[in-house]
Structure formats: structure tokens, C-alpha cells
Amino acid sequence: DDAFTREMLHVFRSCPSGNHVLQTLTVQFYPYSAASEVTDSLINLPALRTLELLHTNIPFACPNLTELSLLDTFEHRPGRRYTQQTFVSMLSNCPRLRNLKLIDALPVLVFDQLPRDPIKFTYLEHLEVASLRGRSLLF
């Protein structure tokens, strides 16, 4: 629930030394949980290599991440999904990604508000994107 999500985020923020050793993290919530009040404050997890988020939208910054799966992160709930700014910032902070899976995880992207510099994934080997939403980009 939201209380557990807030507590988990508090632990990550208040114990930054622990964030420097964590290499794999999977977070799954049933029922859905959203960290909507913290979407602009990224959690720094510098040693993390693999991250999977299912039914939650925890914001993160992981410069050494090689595998990322965002699955059903409230794409269909406008007040609960990642903001465009947070989403782009998160992906920009993961330059070493090799595998990226985005399933029902895209924010609405407003074309004229996208950053001018593209996000570069030099090492990307596998990309999977799926969405039930008919439109993800607004012009």
C-alpha cells in the first residue's frame, strides 16, 4: 500500500550507504501501489545492476543499471503514472542499459516538451515496449 511504499522510500533515502552495495532489486505490489507524492525525487542506487518494478512507480537513478523492467506502472491512471520529466530523467540516468522492458509503463510524451538531446543507450541489446494505450505521443 502507499504507507509501505513511503516507508521503503524513506529507508532508501535515510540509509544511503546501503544503496551503494545493492545490485538487484525487484519490487512487486499487490494490489497496486503508487509513490505519486515522490515522483520528482529520484532514489540514487549507484551499484544496482538489475531493477524490476511491477505495479509501482518508484523513481530511481541507477548509473550502472544494465537491466530494467517497468511493468504496469499506472500507464492508464493519469494522476499515478510517471511524469514525462521523471520518466526521461530516470532513463537518462541509466546509460549502461543492455535490456529495457517497458510494458504498460509509458507516460504521455508531449513532443514539444521532450528534451532536445536524445537519450543514448550505447549498450542496448534488447528493447521491449508494449502498451494497451492507443496513443503515447502528443504533438
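**A salt bridge and a pocket**

The side chains of Glu-125 and Arg-98 form a salt bridge, with 3.0 Å from N to O. This contact joins distant parts of the chain, the two residues being 27 residues apart. Glu-125 sits in the loop between strand 7 (109–110) and strand 8, and Arg-98 in the loop between helix 2 and strand 6. The structure is a predicted model, and the count of salt bridges in it comes to one.

The two partners can also be placed by their accessibility. Glu-125 has a relative accessible area of 60% and is therefore exposed, since the class begins over 50%. Arg-98 has a relative accessible area of 33%; this value lies between the limits of 20% and 50%, so Arg-98 is classed as partly exposed.

Some of the elements that flank these loops return in the largest pocket. Helix 2 (84–92), strand 6 (99–103) and strand 8 (126–130) each contribute at least two residues to the lining of this pocket. Helix 2 supplies the most, with three residues.

The largest pocket holds about 320 Å³ of space, and 17 residues line it. Nearest to the centre of the pocket are Phe-87, Leu-91, Leu-109, Ile-119 and Phe-121. What is the make-up of the lining by class? Of the lining residues, 15 are nonpolar and two are charged, while no polar residue takes part. Phe and Leu, as well as Ile, count as nonpolar, so the five residues nearest the centre of the pocket belong to the nonpolar class.

Note on methods:
Residues are numbered from 1 along each chain as its sequence is written. This is a predicted model: local features need pLDDT of at least 70, side-chain atom pairs count only at pLDDT 80 or more; totals for chains, interfaces and linings use all residues. Side-chain values use heavy atoms; hydrogens and water are left out. On a 1 Å grid over the protein atoms alone, a cavity is a set of points where a 1.4 Å probe fits but cannot get out, and a pocket is an open set with protein on both sides within 12 Å along at least five of seven lines; lining residues have an atom within 4 Å of a point. Grid points are joined across faces, edges and corners, and a volume is the space filled by probe spheres set on the points. Helices (H or I, at least four residues) and strands (E, at least two) are DSSP runs, numbered from the N terminus. A salt bridge is a side-chain nitrogen of Lys or Arg within 4 Å of a carboxyl oxygen of Asp or Glu. Buried means under 20% relative accessible area, exposed over 50%, partly exposed in between (1.4 Å probe, protein chains only).
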